[in-house]
Amino acid sequence: MNNLLEVSHLDVGYGKTTIVRDARFAVQKGEILGIVGESGSGKSTLLKAIMQLDDTGVTVQSGRISFQGQNLTSLSNEEKRAFRGNKMGVVFQNPGSSLNPLRRVKKQFIETMQSHVKIDKKTAESRILELLEKLNLQDGQRILNSYPYELSGGMNQRIALALAMIKEPELLLADEPTSALDVTVQAQVVEEMLKLRDRFGTSIVMITHNMGIVSKMADKIAVMYAGRIVEYGEKAEVIKNHCHPYTRALLEAIPRLDGKRPVGLPGRPPTFHEVKCGCGFASRCIHGCEQCKTREQQLIPVAENHWSCCSHALGV
Ligand SMILES: Nc1ncnc2c1ncn2[C@@H]1O[C@H](COP(=O)(O)OP(=O)(O)OP(=O)(O)O)[C@@H](O)[C@H]1O
Ligand SMILES: [Mg+2]
């Protein structure tokens, strides 16, 4: 099957510092990829690289980001803007970055919609109100007439998501789009994102710290640690047959309802200057050995549609 988005051998950073190394994954039409991993592991940096925005400071140092077969890294800034406007919806980790603080919410929606399709203001407004209601924002008229600073963090987060969704993009890139919401509202927002996928075949790449959301929404999971995707594959494979010790640690750290206490992970992740080669997890890993610190890291197939960087799990 053809991939909508394909990322291969991607190194990304800020200036000369490399943060994300050798990232590889693919997303097909209508597929949802969940990216999980420790804070500071490079998730947002990776997503910003795919967004191809000029003002994030992120630079693609090598590798390829291919969207419908076209290499995005070789487009001019103008081509990138046109491309993004038509085909991608983006939601930043901080909703403030997705919204213009100087414009009322209604104006931002109308502009977004009119730049995408020919639509009159009245029809646009009723479509916006409908979407806001589905995202559990009942007080639609007041919200539309507000500036972002007049609304709560959770409201702005859903507005940023609605702005990205209303274009019915082919690819939605969302960085923790539900982190400020309580669980019942989260469930509703997740439901709407799934409906968007089902209705329009939208592909979604979503970063989240919430493993419950990943297991509900994702078709595939990429686990990041210290700038690398250390395990990647179909959701059931990664959750049930995970073979990277960091994935195991991540799953064991989830709070549980059965009385079993979550297990914390001792130690600290390495800085980005410390992980030029070898496994960044070695110093915190029960299997960590001298070879782990020097062996080149790459995703190796462990089953059909499942890859891992850990050579111990592979018996190498
Ligand atoms: N604009 C920037 N300039 C320089 N370094 C940056 C910049 N933004 C992020 N970094 C660095 O890149 C690394 C990865 O940050 P990133 O925001 O991608 O992590 P993350 O996995 O999204 O973390 P979190 O889960 O906390 O959002 C961090 O060490 C961070 O300090
Ligand atoms: Mg982040």
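**Exercise 1.** Is Y232 buried or exposed?

*Solution.* This is a predicted model. Step one: take the relative accessibility of Y232, which is 6%. Step two: recall the cut-off, since buried means under 20% relative accessible area. Y232 therefore counts as buried.

**Exercise 2.** Find how many aromatic pairs the whole structure holds, then classify the pair of Y225 and Y246.

*Solution.* Begin with the search. It finds 5 aromatic pairs in the whole structure. Now take the rings of Y225 and Y246. Their centres lie 4.7 Å apart. Their planes meet at 50 degrees, so the pair is tilted. Next, place the residues. Y225 belongs to strand 9 (residues 220–225). Y246 belongs to helix 11 (residues 245–252). The pair therefore ties together parts that are 21 residues apart in sequence. Check the burial last: both Y225 and Y246 are buried.

**Exercise 3.** Work out how Y232 and W307 are arranged, and which parts they join.

*Solution.* Start with the distance: the ring centres of Y232 and W307 are 5.4 Å apart. Then take the angle, which is 25 degrees between the planes. Planes under 30 degrees apart count as stacked, and this aromatic pair is stacked. Now locate both residues. Y232 sits in strand 10 (residues 228–234). W307 sits in strand 12 (residues 306–308). The two parts are 75 residues apart in sequence, so the pair ties them together across that separation. Finish with W307 itself: its relative accessible area is 29%, so W307 is partly exposed.

**Exercise 4.** Which residues form one aromatic cluster with Y225?

*Solution.* Go back to the tilted pair of Y225 and Y246. Add F281: Y225, Y246 and F281 form one aromatic cluster.

**Exercise 5.** Describe the surroundings of ligand 1.

*Solution.* Count the shell: 14 residues are around ligand 1. Of these, S39, G40, K43, T45 and Q93 come nearest. Sort the shell by type: 3 residues are nonpolar, 8 are polar and 3 are charged. Then ask where they come from. Helix 1 (residues 43–51) gives the largest share, 3 residues.

**Exercise 6.** Which side chains have a polar atom 2.8 Å from an oxygen atom of ligand 1?

*Solution.* Take S44 first. A polar atom of the S44 side chain is 2.8 Å from a ligand 1 oxygen. Q93 also has a polar side-chain atom 2.8 Å from an oxygen atom of ligand 1. Now turn to nitrogen. An N or O atom in the side chain of Y14 lies 3.2 Å from a nitrogen atom of ligand 1. Close with the cover: ligand 1 on its own has 640 Å² of accessible area, and the protein covers 63% of it.

Terms used. Residues are numbered from 1 along each chain as its sequence is written. Chains are lettered from A and ligands numbered from 1 in the order in which they are written. This is a predicted model: local features need pLDDT of at least 70, side-chain atom pairs count only at pLDDT 80 or more; totals for chains, interfaces and linings use all residues. Side-chain values use heavy atoms; hydrogens and water are left out. A residue is near a molecule or strand if one of its heavy atoms lies within 4 Å of it. A polar contact is a pair of N or O atoms within 3.5 Å; within protein, one must be able to donate a hydrogen and the other to accept it, and residues adjacent in sequence count only if both atoms are side-chain atoms. Accessible areas come from the Shrake-Rupley method with a 1.4 Å probe; for residues, only the protein chains shown count as cover. Helices (H or I, at least four residues) and strands (E, at least two) are DSSP runs, numbered from the N terminus. Ala, Val, Leu, Ile, Met, Phe, Trp, Tyr, Cys and Pro count as nonpolar, Asp, Glu, Lys and Arg as charged, and the others, Gly among them, as polar. Rings of Phe, Tyr and Trp (its six-membered ring) pair if their centres lie within 6.5 Å; planes under 30 degrees apart count as stacked, over 60 as edge-to-face and the rest as tilted. Buried means under 20% relative accessible area, exposed over 50%, partly exposed in between (1.4 Å probe, protein chains only).
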